[in-house]
Amino acid sequence: MEWIYLIIAGLFETGWAIGLKYSDGLTRFYPMAFTFITLILSMSLLERALRTLPVGTAYAVWTGIGIIGTTVLGIFLFNESMSVTRIFFIGLIAIGIGGLKLVSA
């Protein structure tokens, strides 16, 4: 169950990172509210996962999910670069997350 909490926390991390972009320096109310709500949810679920998972593993997976999600959404929402090398290194992060799950079982 802690891995489910961690994965959802990582998805909410993606949400608040994207929300920061849309909030225009925290000056737009609805994107700012979205940012704070997803931040609180992300941190709460991360804390829940940390009750049983090692902190180093959980933090690496949480940030890795956030990196992948934010990068993918950045490509589609903000026309950020989708170069082969960028995708390759994002893939390495995904492999690292999978590896951490395997060695933490």
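Residues 58–78 are 100% helix and 0% strand, with end C-alpha atoms 29 Å apart. Helices here are DSSP runs of H or I of at least four residues, strands are E runs of at least two, and both are numbered from the N terminus. The model is predicted: local features need pLDDT of at least 70, side-chain atom pairs count only at pLDDT 80 or more, and totals for chains, interfaces and linings use all residues. Numbering runs from 1 along each chain as its sequence is written, and side-chain values use heavy atoms, without hydrogens or water.

An unreviewed UniProt entry lists residues 27–46, 58–78 and 84–103 as "transmembrane region". Such annotations may be inferred rather than shown by experiment; positions follow the numbering used here, and feature names are shortened. Residues 27–46 are 90% helix and 0% strand, and their end C-alpha atoms are 27 Å apart.

Helix α3 has 24 residues, so at 1.5 Å a residue it should span 34 Å (1.5 Å times one less than the number of residues). The 32 Å between its end C-alpha atoms agrees. After α3 comes N79, with a positive phi near 55 degrees.

Buried residues of α3 (under 20% relative accessible area, 1.4 Å probe, protein chains only) include T57, G64, G69 and I75. Their cover includes α1, α2 and α4 (84–104).

The largest nonpolar core (buried Ala, Val, Leu, Ile, Met, Phe, Trp, Tyr and Cys joined through side-chain atoms within 4.5 Å) has 12 residues, among them W3, L45, W62 and I97. α1 (2–22), α2 (29–50) and α3 (55–78) each supply at least two. The largest share, four residues, is from α3. I65, also in this core, contacts (heavy atoms within 4.5 Å) L6, I7, G10, L11, T14 and I97, residues up to four places away in sequence not being counted.

Key:
Buried < 20%, exposed > 50% of the residue type's maximum accessible area, 1.4 Å probe, protein only.
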